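Work through the exercises below with the sequence and the coordinates open. Each task is followed by a solution in steps.

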Amino acid sequence: MVGRPCLAENNDSWPVCELFDSESEANITANHVSLATSPPVEPVHGSLPTAYAKQDTASTADVTTDKCQDKHDIPVGIQYAMDINQYRDYNHLLRVSAYVLRFVRLLKNKEKCKQTLPSATELNNAELLWIAHVQREYYADTITSLRNNTKKYGALSKQLKLFIGEDSLLHTGGRLHNAKLDYYAKHPILLPREHHLTRMIVHDTHVRLKHSGPQSTITALRERYWIPSIRRIVNNELNKCVTCKRVDGRAYCKPLTAPLPRFRVIEVPPFNVTGIDYTGALYVRNPNTSNASKAYVCLISIHLRSDSCCTS
Ligand SMILES: [Zn+2]
């Protein structure tokens, strides 16, 4: 049999995938509910929020960690089940991820699927998993420093007052703690500028705003995400938008004229080139007798000058 060696063993010895653990997924849902219904924990730069500290061992960050490997050294994580670079549409990525998560959950709990389309909670969970993976890939040192409270923050962490929120994601601190705004507007999720997921989110926001301009796209993005050098990223993505290119692109320009052919520019003596054309028969009516008769036309063209394009 070809496959992993663990498949030949008993089911009890198979690796356990903590990514799709039911308890952890319940925590993900609970985090979403708490974000929407309860006031968020105010961030303190350099220290974990109380709520996060209580859920530290069963949070979304743990269920997506790259270090979560079993005794057979099988990598566990949504990034190993799907290749994000094969997706161009953000909603498509979330829907497929939600189906993958549901499929594994049903297998694990031995349940039957009662719904077809992914729910909003499943889509949010899929989004959280991908963002957590991207942040862990780009800001691993910052996350480790914040978790261990080692005070060894990078320049970006100090500048943005980064902290780990209730959803186990990196958020920016800012100065809007007392504003009556949404939690994500006061503390946006940090995204790396160069990642494919960031570009997909930028393009999705641009399309969701009916292909609006850069400033509107940036304003909508900052209601939820913080992307360093966001204006440059947004401009780059908008320049690639085919729909905007069709509307805002420049009109078709007439191509440059080709050089004149040789026979029109070289000097030759008169009558060197002649032409004749013969047409007919045409019916011509005599006005005096009203009788129709045939007529023929003979056209003779003569080349007289060398510097003219029409010399006949
Ligand atoms: Zn567009």
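## Exercises on a predicted model

Among contacts in the protein chain between residues at least 6 apart in sequence, 58% join residues at least 24 apart. The model is predicted, and its protein chain holds 14 helices and six strands. Of the 312 residues, 22% count as buried.

**Exercise 1. Decide where the coordinates can be read in detail.**

Solution.

Step 1. Start from the chain average: pLDDT is 78, and 75% of the residues score at least 70.

Step 2. Locate the weak stretches. Over residues 18–71 pLDDT stays under 50, and the model has 92 contacts beyond four places in sequence for them. Residues 308–312 also stay under 50; for these the model has six such contacts.

Step 3. Apply the general rule: where pLDDT is low, the predicted coordinates should not be read in detail.

**Exercise 2. Describe the largest nonpolar core and state which element gives the largest share of it.**

Solution.

Step 1. The largest nonpolar core has 33 residues, and those with the most contacts inside it are Trp130, Ile131 and Leu170.

Step 2. List the elements that contribute two or more residues: helices H5 (90–109), H6 (120–138), H7 (140–148), H10 (196–208) and H12 (230–239), together with strands E1 (163–164) and E3 (189–190).

Step 3. The largest share is that of H6, with seven residues.

Step 4. As background, nonpolar side chains tend to be buried together in soluble globular proteins.

**Exercise 3. Examine H6: what is its span, and which of its residues are buried?**

Solution.

Step 1. H6 has 19 residues. From its first C-alpha to its last it reaches 27 Å, close to the 27 Å expected at 1.5 Å a residue.

Step 2. The buried residues of H6 are Glu122, Asn125, Ala126, Leu128, Leu129, Trp130, Ile131, Ala132, His133, Val134, Gln135 and Arg136.

Step 3. For reading such a list, recall that an α-helix has 3.6 residues a turn, so residues three or four places apart point the same way.

**Exercise 4. Classify Leu170 as buried or exposed, and give its contacts.**

Solution.

Step 1. Place the residue: Leu170 is found in strand E2 (residues 170–171).

Step 2. Count neighbours. Leu170 has 28 C-beta neighbours inside 10 Å. The cut-off for a buried residue is 20 or more, so Leu170 counts as buried.

Step 3. Leave aside neighbours within four places in sequence. Leu170 is then in contact with Gln135, Tyr139, Thr142, Ile143, Leu162, Ile164 and Leu190. One of these, Gln135, is among the buried residues of H6.

Step 4. Check a C-alpha distance: Pro188 is 18 residues from Leu170 in sequence and 8.5 Å from it in space.

**Exercise 5. Characterise the hairpin of E5 and E6.**

Solution.

Step 1. Strand E5 (residues 274–285) and strand E6 (residues 292–302) pair in the antiparallel sense over 11 bridges. Gly275 stands opposite Ser301 in E6.

Step 2. Six residues lie between the strands of this hairpin, in which Ser290 takes a positive phi near 60 degrees.

Step 3. Assess burial. The number of buried residues among the 12 of E5 is zero, so E5 lies largely in the open. In E6, Ala292 counts as exposed, with 10 C-beta neighbours inside 10 Å.

Step 4. Look across from Ala292. Not counting residues up to four places away in sequence, Ala292 touches Tyr283, Val284 and Arg285. Leu282 is 10 residues from Ala292 in sequence and 9.7 Å from it, C-alpha to C-alpha.

**Exercise 6. Inspect the backbone for a cis peptide bond and for positive phi at residues other than glycine.**

Solution.

Step 1. A cis peptide bond joins Gly280 and Ala281, with omega about 5 degrees. Ala281 is in strand E5.

Step 2. His211 is not a glycine, yet its phi is positive, about 60 degrees. The loop between H10 and helix H11 (214–221) holds His211, which is partly exposed, with 15 other C-beta atoms within 10 Å.

Step 3. Phe271, also not a glycine, has a positive phi of about 65 degrees. Phe271 is in the loop between helix H14 (262–265) and E5. With 9 C-beta neighbours inside 10 Å, Phe271 counts as exposed.

Notes:
Residues numbered from 1 in each chain as written. Predicted model: local features only at pLDDT ≥ 70, side-chain atom pairs only at ≥ 80, totals over all residues. Core = buried A, V, L, I, M, F, W, Y, C linked by C-beta atoms within 7 Å. Helix = DSSP H or I, 4+ residues; strand = E, 2+ residues; numbered from the N terminus. Contact = placed C-beta atoms within 7 Å. Pairing = 2+ DSSP bridges. Expected span 1.5 Å × (residues − 1). pLDDT = per-residue confidence, 0-100.
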